Amino acid sequence: MRLHVVTGKGGTGKTTAAAALAVALAAGGRRVLLVEVEGRQGIAQLFGIPPLPYAERPVADAPGGGRVFALAADAEAALLEYLEMFYGMRRAGQVLTKFGAVDFATTIAPGMRDVLLTGKATEAVRRREGAARRGGREPADRPYAYDSVVMDAPPTGRVAQFLNVNAEVAGLARVGPIRNHADKVMAVIRSPQTQVHFVTVLEEMPAQETLDGIAEVRAAGLNVGSILVNMVRPPLLEAPVLAEAAAGGLDLDALVRGLKAAGLADPEATARGLAEEVRDHAVRVAVEQRIRARLDEVDLPRLELPLLPDGVRAADVGALGARLAEQGVGR
Amino acid sequence: MSAEEAAGAAAPGAAPGGAPVFDVDALLADRDTRIIVCCGSGGVGKTTTAAALGVRAAEHGRGAVVITVDPARRLAQSMGLTHLDNTPRPVPLPEADGAAPPGTLHAMMLDMKRTFDEIVEAHADPERARQILANPFYQSLSSSFSGTQEYMAMEKLGQLRQSGDWDLIIVDTPPSRSALDFLDAPKRLGRFLDSRLIRVLGAPPATGAFKLLGAGVSMVTGIIAKVVGAQVLSDVQRFVGAFDAVFGGFQERAERTYRLLQARGTGFVVVAAPEGDALREAAYFIERLRRDRMPLAGVMLNRVHRAGVPGLAGDAALAAAAELAATGEHPLAGAALRLHAERARVAARERLLMDRLAAAHPEVPAVEVWARPEDVHDLAGLAEIGRALAGGAER
Ligand SMILES: Nc1ncnc2c1ncn2[C@@H]1O[C@H](COP(=O)(O)OP(=O)(O)OP(=O)(O)O)[C@@H](O)[C@H]1O
Ligand SMILES: Nc1ncnc2c1ncn2[C@@H]1O[C@H](COP(=O)(O)OP(=O)(O)O)[C@@H](O)[C@H]1O
Ligand SMILES: [Mg+2]
Ligand SMILES: [Mg+2]
């Protein structure tokens with residue numbers, strides 16, 4: 001698998017999961033490119049570094065000498081790059097920028113914007129070491145420049161459209177570089193080398209969006225990889241206690257006796273408060289189980305990342321990557 | 001409970017740092033309140049809050065309508081909404097205390113494409129409307145442009161307001177990551193539609209617009225045509241031609257609706273979850289409302305976690321649990337104490353974040369609503385959120 005597209009409902013942890021996936025895939029001395037496409041500098045924020053330029057920069061090391069590079073893909077910069085590559089129009093680019101024409105063109109043809117962005121990622125997938133110039137023929141005997149590319153993609157609601165490049169350019173120029181380019185992009189995205197992963201949390205709406213998104217992505221003829229359940233809370237109580245509590249049958253007397261034994265003040269009132277907490281927790285766990293059961297209905301590999309109590313800092317990305325590696329990513 | 005009592009009580013419902021309590025019931029009961037806008041960043045509970053305010057408003061005898069955008073499926077079903085539909089439908093409210101609520105609630109799910117189509121149909125003669133609706137550029141503009149949903153939410157609000165049929169209109173805002181999008185996107189879209197380049201494209205060659213901009217323009221449009229295809233450009237051209245004749249300045253239209261939001265009788269409810277990002281967004285939004293002289297009614301802090309035994313500190317609970325574990329007895333109490341420690345930790349972190357917002361904006365009324373262990377998916381759940389909103393998080 002060489003191109004991993006990471007999507008999910010907003011805020012479920014796409015950027016975080018994509019970065020962790022990149023680290024896991026880079027373990028053992030591999031080179032991985034992490035690409036963001038929404039112009040939000042989410043990767044820079046996650047790694048606590050200055051905004052990324054439109055260039056590939058190392059952002060993290062992985063165990064065994066692996067390296068993760070990152071790129072903030074930008075449709076306007078990509079368009080100027082193509083103009084230069086195919087028409088040799090470097091100066092024209094300045095005029096276009098001055099008139100706001102690049103922004104304008106990508107606005108009136110949103111499909112083109114998407115193709116330029118997916119194009120950056122797929123170009124990196126195909127690129128070989130020592131290729132004469134980008135966009136030229138890739139020397140097939142050379143190793144790939146990146147072992148894998150991970151894309152921090154748009155959210156679930158937009159991802160099928162975003163990746164369905166052919167449909168996106170259907171209304172655009174029928175000949176010319178963009179069209180040629182779209183064919184190449186689609187070939188990579190449709191190929192078995194590419195998988196779309198869905199990040200979700202154990203809540204109703206993100207899970208529903210995941211199921212809808214999987215159906216849409218499949219309908220577009222693309223491959224779904226795994227469901228990555230993020231922010232999983234560790235089980236704090238054992239199943240029998242939870243079952244009792246959910247049924248409202250928690251043994252309050254036993255609780256009071258325990259609190260007395262621990263020498264806590266006001267054991268009766270404390271026990272009532274604690275019992276309420278346990279009941280809430282039990283209901284929550286039951287809800288999460290129901291959601292897991294719904295996710296089970298689609299037969300896909302499942303990955304999990306724990307909820308980090310203090311949020312994710314740059315230093316945590318490696319640990320999250322290690323959790324994915326433990327679950328078989330990169331093997 | 002009066003606002004003063006609520007603020008004085010050390011109950012968790014009271015906003016911290018002496019900030020005033022957001023008296024939601026007073027806002028709803030005030031007949032001069034005609035529009036309530038719920039905004040905030042994605043996933044914080046805007047839609048839920050808008051619907052809960054609607055239910056509560058009906059309990060206050062108001063004739064309310066809620067414009068929802070992208071409601072959770074089960075919640076929509078519970079309100080009798082099964083598909084995108086621009087017509088407000090009556091919501092069958094359950095009896096409260098054995099009596100039907102004195103007011104009424106209607107709800108609709110915003111269909112942005114249809115709203116746009118209806119504006120076109122209302123303003124253009126049939127032939128021109130047909131041309132516009134069939135135009136590929138219009139179709140992409142009305143169905144997938146960023147900003148269109150925000151724009152159409154405002155349009156719908158304007159229409160319902162103008163109809164005069166509604167005593168109280170509650171608007172939910174589109175699920176964007178930034179709360180500010182609701183205010184900015186319509187103008188951004190208007191600016192684009194009125195932009196220099198699109199004007200030039202719309203004008204026949206060799207007219208004033210071309211001369212004005214000089215020779216660079218034909219080169220620019222030439223390159224654009226090469227890149228996006230001549231067909232796209234001519235679609236845009238035809239669209240602008242037809243559209244202009246009907247609407248004149250688009251930006252002006254956006255600005256008119258914007259002014260409605262500044263009018264008396266409008267109140268913004270900023271919804272936030274007690275998390276860093278959501279609270280930062282809320283703070284930006286509060287500052288923006290002030291700058292634009294838009295009336296902020298209050299902040300709703302939603303999905304707040306609380307500890308069931310506020311007096312028991314997390315470390316004390318952990319120490320007690322360790323003591324019990326050492327004896328090997330009372331496993332239930334040990335487990336409950338560990339769970340409590342975890343909840344106390346979460347509650348303390350959330351409190352700290354909320355205190356920061358309150359310290360930065362001490363004059364802004366706020367109310368807290370607890371995180372329910374289950375999502376809000378029926379009318380009873382909405383009524384409960386409504387009560388929590390009104391009672392400052394008591395249960
Ligand atoms: N496993 C985790 N444990 C704790 N916090 C997490 C975890 N994963 C993500 N987060 C936090 O959740 C928030 C959202 O994560 P992230 O930015 O990765 O989501 P996203 O899906 O990329 O969001 P957006 O839709 O805005 O791009 C961040 O504050 C992040 O630190
Ligand atoms: N106080 C609450 N307790 C528990 N769940 C809540 C609460 N408020 C909202 N939710 C749930 O959170 C999810 C997102 O809410 P929603 O209103 O759709 O957010 P938004 O409109 O801001 O994106 C829904 O599943 C909703 O039921
Ligand atoms: Mg992100
Ligand atoms: Mg919503």
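**Figure 1. Ligand 1 lies between chains A and B.** The structure is a predicted model. Ligand 1 has 19 residues around it, and the nearest are A:Gly10, A:Gly13, A:Lys14, A:Thr15 and A:Thr16. Two elements of chain A give two or more residues to this shell: helix 1 (14–26) and strand 7 (224–232). Helix 1 of chain A gives the most, with three residues. Sorted by class, the shell around ligand 1 holds ten polar, six nonpolar and three charged residues.

**Figure 2. Ligand 2 sits in a site shared between chains, because residues from chains A and B surround it.** The shell counts 20 residues. Closest to ligand 2 are B:Gly45, B:Lys46, B:Thr47, B:Thr48 and B:Asp375. Chain A supplies two or more residues through helix 10 (204–219). Chain B does so through helix 3 (46–59) and strand 7 (296–304). The top contributor is helix 3 of chain B, with three residues. The shell around ligand 2 is made up of eight nonpolar, seven polar and five charged residues.

**Figure 3. Chains A and B meet in a contact that takes 48 residues from chain A and 45 residues from chain B.** On the chain B side, five helices each supply at least two residues. They are helix 7 (136–144), helix 12 (216–228), helix 13 (230–247), helix 16 (314–327) and helix 17 (331–360). Helix 17 of chain B has the largest share, ten residues. The side of chain B that touches chain A includes 24 nonpolar residues, along with eleven polar and ten charged ones.

**Figure 4. Eight strands of chain A form an open sheet with mixed pairing.** The strand order is 3-4-2-5-1-6-7-8. Strand 3 (57–62) and strand 8 (302–306) of chain A are the edge strands, and each pairs on one side only. From one strand to the next, the twist averages 25°. Within the sheet, strand 1 (residues 3–8) and strand 6 (residues 194–200) of chain A pair in the parallel sense over six bridges. A:His4 has A:Gln195 of strand 6 of chain A as its bridge partner.

**Figure 5. Helix 1 and helix 7 of chain A pack against strands of chain A.** Helix 1 of chain A lies across strands 1, 2, 3, 4, 5, 6, 7 and 8 of chain A. Helix 1 runs at about 170° to strand 5 (148–152) of chain A. Helix 7 (residues 156–163) of chain A packs on the sheet and touches strand 1 and strand 6 of chain A. The direction of helix 7 makes about 145° with that of strand 1 of chain A.

**Figure 6. Helix 8 and helix 9 of chain B pack at an angle of about 100°, and are therefore roughly perpendicular to each other.** Helix 8 spans residues 148–163 and helix 9 spans residues 181–193 of chain B. Their axes are 8 Å apart. Helix 8 of chain B brings B:Thr148, B:Glu150, B:Tyr151 and B:Met154 to the contact. Helix 9 of chain B brings B:Asp181, B:Phe182, B:Ala185, B:Pro186 and B:Leu189. This contact has six nonpolar, one polar and two charged residues.

**Figure 7. Chain A is divided into two parts, domain 1 and domain 2.** Domain 1 of chain A covers 3–233 + 307–326. Domain 2 of chain A covers 239–282. Taken over C-alpha atoms, the centres of domain 1 and domain 2 of chain A are separated by 49 Å.

Notes
Residues numbered from 1 in each chain as written. Chains lettered and ligands numbered in written order. Predicted model: local features only at pLDDT ≥ 70, side-chain atom pairs only at ≥ 80, totals over all residues. Domains from an automatic or database assignment. Contact = placed C-beta atoms within 7 Å. Helix = DSSP H or I, 4+ residues; strand = E, 2+ residues; numbered from the N terminus. Nonpolar A, V, L, I, M, F, W, Y, C, P; charged D, E, K, R; others polar. Near = placed C-beta within 6 Å. Axes fitted to C-alpha atoms, helices over the stretch in contact; angles between N-to-C directions. Parallel < 35°, antiparallel > 145°, perpendicular 65-115°, else oblique. Pairing = 2+ DSSP bridges.
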